[in-house]
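Reader: Hey, I've got a protein model open and I'm a bit lost. Can you walk me through it?

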Amino acid sequence: MINRILKLIGWIVTGVLLLITAAFAFFYFQVEARLAKHYQVIPQYLEVSYDSAQLAYGERLTLVKGCRDCHGDNLSGRIFLDDPALGRIIGKNLTRGKGGLPDDYSTDDWVLAMKHGIRRDGKSLLFMPSYEFTLLSEEDMAAIIAYARQLPPVDNQLPDHALRPLGYVLTALDQFPLIPAERIDHSSTLVRKVKAEVTVDFGKYLANSCIGCHRPDMKGGDPIAPGFPPVPDITSAGNPGKWTESQFMEVLRTGKTPEGKTLDPANMPWNMTAAYTDTELKALYTYIKSL
Ligand code: HEC
Ligand code: HEC
């Protein structure tokens, strides 16, 4: 009797293990196929000039658009995610030093990466949030490229990306934003310039830096990855709807909310919004209030 029960348990355990292995194999091959997909995109031509006003403007944009959060303060790269279950993701060294971009990395390659989330070999970049940059104006994109290109080369050879089991499962279930090229409308064209003024339109333009986490409707949702807090609703239906303009500006500059919460910049990148001008924060507030 005992023997028969043990045998039965043995079969059940084997069955469950087989099922888990089969499910994981399915997720693994699904994700690998998506990563191997080749995109045929011809990047839009972009004129880049290197005068000092452009460079200063570009330097500021690498801060306020969040590039430095992932690529490091001097854009020489950093490991910004290393989780035993999820994987290791490297914010690439964007200088021309060792481990950085090749010497012949062209303006087209920059546009492919920032606007389309595509590497020069035609495959999607990993985790680079190009869906937040795909609608940058020509003026802003060109200034960022100009600034990044003239940075002194820094040698910083980082290890490769490594996707681990949970990373595969969550990517397969669309719960981890690993493959940016899938989330972008590759046929859109860049607008020339967006006027910096306190308007809903300019606020909406700036909010492209928020939608990767707060979602396109700014209503938030599940954590962006395991280990991160849920993302709050920041439309007028959420807490910001109750804040005055100056309270809103205070939150995005200090990370402290009127409800007494302190936001961790590792979860909510307010070190990026702290560098926004008054006009930019007011425009964002105007946009959020309109939702
Ligand atoms: C959330 C983190 C994150 C942010 C923010 C971010 N990047 Fe990236 N970026 C990455 C990662 C990760 C890669 C490496 C992708 C790969 O190797 O597949 C990458 C790759 C790139 C590449 C492509 C390099 C190549 O191998 O072709 C460029 C160019 C780039 N980023 C520029 C920028 C710029 C400019 C900004 C700001 C406007 C920015 N990134 C913001 C994470 C980020
Ligand atoms: C990398 C993901 C990410 C990005 C990008 C991001 N946020 Fe957040 N934000 C969060 C998370 C997560 C929280 C909640 C943090 C917590 O609970 O500690 C948050 C909280 C907030 C809060 C506080 C809400 C409340 O109810 O207290 C405001 C306001 C906010 N974000 C505004 C913005 C704006 C505006 C932008 C774009 C300029 C932006 N965020 C970009 C992830 C992000």
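Author: Sure! One definition to begin with: a residue is near a molecule if one of its heavy atoms lies within 4 Å of it. Keep in mind that this is a predicted model.

Reader: OK, so how many residues are around ligand 1, and which come nearest?

Author: There are 22 residues around ligand 1, and the nearest are C67, C70, H71, Y105 and M128.

Reader: What is the mix of nonpolar, polar and charged in that shell?

Author: The shell around ligand 1 has 17 nonpolar residues, three polar and two charged.

Reader: And which helices or strands each supply at least two residues of it?

Author: Those are α3 (67-71), β2 (87-91) and α4 (107-116).

Reader: What about H71, how far is its side chain from a nitrogen atom of ligand 1?

Author: An N or O atom in the H71 side chain sits 2.7 Å from that nitrogen. Oxygen atoms of ligand 1 have partners as well: a polar side-chain atom of H161 is 2.8 Å from one oxygen atom, and L126 has a backbone N or O atom 2.8 Å from an oxygen atom.

Reader: Cool. Switching to ligand 2, which protein atoms are donors to its iron atom?

Author: NE2 of H214 and SD of M268, at 2.0 to 2.1 Å from the iron. The iron has six donor atoms in an octahedral site, with angles of 87 to 180 degrees among them.

Reader: Where in the chain are H214 and M268?

Author: In distant parts of it, 54 residues apart. H214 belongs to helix α8 (residues 211-214), while M268 is in the loop between α9 (245-254) and α10 (270-273).

Reader: Is H214 buried or exposed, and why?

Author: H214 counts as buried because its relative accessible area is 9%, and the cut-off for buried is under 20%.

Reader: Which residues are closest to ligand 2?

Author: C210, C213, H214, K261 and M268 are the closest of the 20 surrounding it. K261 puts a polar side-chain atom 2.7 Å from an oxygen atom of ligand 2, and N239 has a side-chain N or O atom 2.8 Å from an oxygen atom of the ligand.

Reader: New topic: E245. Where is that one?

Author: E245 is in helix α9. With 29% relative accessibility, E245 is partly exposed.

Reader: What does E245 touch, leaving out residues up to four places away in sequence?

Author: K282 and Y285.

Notes: Residues are numbered from 1 along each chain as its sequence is written. Chains are lettered from A and ligands numbered from 1 in the order in which they are written. This is a predicted model: local features need pLDDT of at least 70, side-chain atom pairs count only at pLDDT 80 or more; totals for chains, interfaces and linings use all residues. Side-chain values use heavy atoms; hydrogens and water are left out. Donors are N, O and S atoms within 2.8 Å of the metal (3.2 Å for Na, K and Ca); water is not among the atoms, so sites may look incomplete. Four donors count as tetrahedral if all angles lie between 85 and 135 degrees; four count as square planar and six as octahedral if opposite donors are over 155 degrees apart and all others between 65 and 115; anything else is irregular. Helices (H or I, at least four residues) and strands (E, at least two) are DSSP runs, numbered from the N terminus. Buried means under 20% relative accessible area, exposed over 50%, partly exposed in between (1.4 Å probe, protein chains only). Contact means heavy atoms within 4.5 Å. A polar contact is a pair of N or O atoms within 3.5 Å; within protein, one must be able to donate a hydrogen and the other to accept it, and residues adjacent in sequence count only if both atoms are side-chain atoms. Ala, Val, Leu, Ile, Met, Phe, Trp, Tyr, Cys and Pro count as nonpolar, Asp, Glu, Lys and Arg as charged, and the others, Gly among them, as polar.
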